[in-house]
Amino acid sequence: MGEEGTEGTVHLLCLAASSGVPLFCRSSRGGAPARQQLPFSVIGSLNGVHMFGQNLEVQLSSAKTEDTTVVLLVGLEELTNIRNVERLKKELRASYRLIDSFLGDSELIGDLTQCVDCVVPPEGSLLQEALSGFAEAAGTAFVSLVVSGRVVAATESWWRLGMPEAVLLPWLVGSLPPQAARDYPVYLPHGSPTVPHRLLTLTLLPDLELCLLCGPRPPLSQLGPLQLLERWWQPLLDPLRACLPLGSRALPAGFPLHTDILGLLLLHLELKRCLFTVEPSGDQEPSSEQRRRLFRSFYTLVTATHFPPEAGQPEKAEEVVHRAQVPRACYLVSGAEEPGTGWRLVALQLGPRQLLLLLSAQSPTHGLRGLATHTLHALTPLL
């Protein structure tokens with residue numbers, strides 16, 4: 001999926017691989033959903049190029065102009081045997097909000113890192129204990145507590161979900177409009193691509209939802225306010241309220257961070273979880289949107305050129321020599337030609353953890369690695 005500048009338009013086009021019939025087209029401009037849609041003539045031309053390339057064993061994945069990017073999604077295994085195109089189009093509408101959230105300027109980053117966006121609640125042990133008891137009473141092992149698309153706490157079985165569903169499920173919940181309760185059919189791309197499961201959600205507080213992944217039981221009515229919900233969660237209203245600000249901050253209030261830090265991304269590559277925030281230091285430049293774009297660009301650069309994507313995994317004997325040559329830290333300085341302007345980006349890898357920091361221009365270059373190391377040690381007990 002590509003993006004041409006901050007003002008460019010991105011179109012996601014899904015075609016039936018065999019017939020070339022457009023199943024849907026979603027558009028985004030400047031990080032927000034766009035009304036501008038691709039003309040049918042353009043869709044037809046792109047499909048013609050795709051079909052021509054297919055005969056030559058060449059796959060067209062995207063097309064770009066100066067201010068527009070079109071991404072084509074073709075040949076999904078689950079969509080190849082299409083019996084009723086119009087019915088499929090109607091069913092795909094349930095995914096539009098999720099698709100639009102990927103095209104837009106999301107506050108999450110799990111789509112890029114393939115790690116679950118998490119937060120650290122101030123009273124995590126209390127919430128974890130209640131979650132485990134609620135899961136047992138509800139009769140399902142897969143339960144999580146989600147705030148604004150980020151996981152606050154989850155059962156062991158939920159954490160064992162494979163990728164990409166571990167990232168997609170909380171992201172889906174965060175993309176849906178507010179609702180007191182939902183009973184939502186979902187297919188798990190890794191675990192159950194052909195048989196749907198039920199995703200039950202219950203709103204405890206605004207933006208704070210309880211999520212259950214289950215089969216035919218329990219019925220949603222069994223989890224209502226006069227049943228299990230009130231019994232397990234009414235006594236924890238204060239700890240639950242303390243979770244609400246974590247949707248943007250990720251870290252509990254008062255957690256000590258250096259004043260130069262404008263944002264951070266901490267990844268645990270073995271657990272496949274991450275903490276991401278661009279709001280630890282109030283209203284400073286650059287804006288939150290710019291900070292998120294900087295992190296995405298820097299993460300892509302770091303993982304492509306410096307840090308191996310599967311760091312922390314067991315290595316083969318022949319890879320030991322190469323490992324000795326892998327850098328453990330790198331940094332990028334912007335605005336160095338004008339003292340006191342721009343910002344600094346630094347990345348540090350230690351064991352299964354990677355830390356990326358965005359720092360203000362006041363942070364001296366010679367101290368970047370020391371600051372990153374100190375911050376990583378402070379964050380390590382949290383993830």
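This is a short chat about two helices and a pocket in a predicted model.

Colleague: What kind of model is this, and what goes into the values?
Modeller: It is a predicted model, where local features need pLDDT of at least 70 and side-chain atom pairs count only at pLDDT 80 or more, while totals for chains, interfaces and linings use all residues. Residues are numbered from 1 along each chain as its sequence is written, and side-chain values use heavy atoms, with hydrogens and water left out.

Colleague: At what angle do H3 and H7 cross?
Modeller: Roughly 100 degrees, for H3 (residues 96–103) and H7 (residues 165–175). Their axes, lines fitted to C-alpha atoms over the stretch in contact, come within 9 Å. Angles run from 0 to 180 degrees between N-to-C directions. H3 and H7 are therefore roughly perpendicular (65 to 115 degrees). Helices here are DSSP runs of H or I, at least four residues, numbered from the N terminus.

Colleague: Which residues meet there?
Modeller: Arg97, Leu98, Ser101 and Phe102 in H3 meet Leu168, Trp171, Leu172 and Ser175 in H7. Contact means heavy atoms within 4.5 Å. The contact divides into 5 nonpolar, 2 polar and 1 charged. Ala, Val, Leu, Ile, Met, Phe, Trp, Tyr, Cys and Pro count as nonpolar, Asp, Glu, Lys and Arg as charged, and the others, Gly among them, as polar.

Colleague: New topic. Which element gives the most to the lining of the second largest pocket?
Modeller: H7, with 4 residues. A pocket is an open set of points on a 1 Å grid where a 1.4 Å probe fits, with protein on both sides within 12 Å along at least five of seven lines; lining residues have an atom within 4 Å of a point.

Colleague: What classes make up that lining?
Modeller: The lining has 10 nonpolar, 9 polar and 7 charged residues.

Technical notes. Helix = DSSP H or I, 4+ residues; strand = E, 2+ residues; numbered from the N terminus. Parallel < 35°, antiparallel > 145°, perpendicular 65-115°, else oblique.
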